[in-house]
Amino acid sequence: MIVIKDAMVLIHLAKLSVLEKSCDYFEKVLIPELVHREIIQGEEKGFSDAQIALNLIKNKKIAIKKINDESLIKKANQFNIQRGEAEAVALYWQEKADILSTDDDNVRNKKILLDINIIGTPVIILKLFKEKIIDGNKAEQCISELRKIGWFSSAILDKISMEVKNV
């Protein structure tokens with residue numbers, strides 16, 4: 001299974017201390033060059049989550065892949081998808097990936113138009129829990145941290161929390 005991840009998912013999973021586990025769960029994790037540059041910029045600003053991602057790149061758990069066809073980025077731009085997200089979508093198309101892992105609402109709202117299969121951080125946490133890669137306490141801790149981050153709707157986090165508690 002090939003999964004493309006954008007910078008926001010990498011950051012969220014690193015903050016939750018489950019980025020490496022999520023990389024182990026998926027067979028092949030790829031990021032486009034621009035997402036790699038965004039991570040480097042985060043490291044230069046002293047963000048520890050960026051260092052976690054860079055270590056996983058160094059250890060070959062995350063691979064950086066070049067977009068070979070610039071028209072794929074332009075195609076994403078036509079849907080008002082820019083920068084790292086545009087490269088992530090383009091890489092998804094180029095590699096014929098199974099999943100695009102993004103927390104970007106703009107991309108998520110256009111998934112049908114873009115013909116892409118999307119997964120976000122909350123669902124990755126649920127998958128790691130269901131596959132017994134993390135336990136219920138860790139899953140709940142992750143959900144609690146996601147609430148503090150404030151990026152996700154309470155309804156989604158409540159639903160995932162209920163699924164964790166009902167297993």
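Thr-102 sits in the loop between β4 (99-101) and α7 (105-109). The model described here is predicted. In this model Thr-102 is buried, because its relative accessible area is 1%, and buried means under 20%. Beyond its neighbours within four places in sequence, Thr-102 is in contact with seven listed partners: Asp-6, Val-9, Val-107, Arg-108, Ile-118, Ile-119 and Gly-120.

Two other positions stand out by backbone geometry. Most residues other than glycine have a negative phi. Asn-80 is not a glycine, yet its phi is positive, at about 60°. Asn-80 belongs to the loop between α5 (70-77) and α6 (83-95). Its relative accessible area is 52%, and Asn-80 is therefore exposed, the cut-off being over 50%. Arg-83 also has a positive phi, of about 50°, and is not a glycine either. Arg-83 is part of helix α6. With a relative accessibility of 59%, Arg-83 is likewise exposed.

The packing of helices α3 and α4 was examined next. Two packed helices are described by the angle between their axes and the distance between the axes. Helix α3 spans residues 33-44 and helix α4 spans residues 48-58. Their angle is about 130°, and their axes lie 8 Å apart. The two helices are therefore oblique to each other. The crossing of α3 past α4 is left-handed. On the α3 side, the contact is formed by His-36, Ile-39, Ile-40, Gly-42 and Glu-43. On the α4 side, Ala-50, Gln-51, Ala-53, Leu-54 and Ile-57 take part. Sorted by class, this contact holds six nonpolar, three polar and one charged residues.

Ile-39 of α3 also features in the largest nonpolar core, which has 37 residues. Within that core, Val-18, Leu-19, Ile-39, Ile-62 and Ile-125 touch the most other members. Several elements each supply at least two residues of this core. They are α1 (7-15), α2 (19-25), β2 (28-32), α3, α4, α9 (121-130), α10 (136-149) and α11 (154-165). Leu-19 illustrates the contacts of one such core residue. With residues up to four places away in sequence not counted, Leu-19 touches Lys-5, Leu-10, Leu-13, Ala-14, Ile-52, Ala-53 and Leu-56. Among these partners, Ala-53 also takes part in the α3 and α4 contact. A second core is separate and has 20 residues. Its members include Leu-30, Ala-86, Leu-91 and Leu-114.

Terms used. Residues are numbered from 1 along each chain as its sequence is written. This is a predicted model: local features need pLDDT of at least 70, side-chain atom pairs count only at pLDDT 80 or more; totals for chains, interfaces and linings use all residues. Side-chain values use heavy atoms; hydrogens and water are left out. Axes are lines fitted to C-alpha atoms, for helices over the stretch in contact, and angles run from 0 to 180 degrees between N-to-C directions. Helices (H or I, at least four residues) and strands (E, at least two) are DSSP runs, numbered from the N terminus. Angles under 35 degrees count as roughly parallel, over 145 as roughly antiparallel, 65 to 115 as roughly perpendicular and the rest as oblique. A crossing is left-handed if the near helix is turned anticlockwise from the far one by less than a right angle, and right-handed if clockwise. Contact means heavy atoms within 4.5 Å. Ala, Val, Leu, Ile, Met, Phe, Trp, Tyr, Cys and Pro count as nonpolar, Asp, Glu, Lys and Arg as charged, and the others, Gly among them, as polar. A nonpolar core is a set of buried Ala, Val, Leu, Ile, Met, Phe, Trp, Tyr and Cys residues joined through side-chain atoms within 4.5 Å. Buried means under 20% relative accessible area, exposed over 50%, partly exposed in between (1.4 Å probe, protein chains only).
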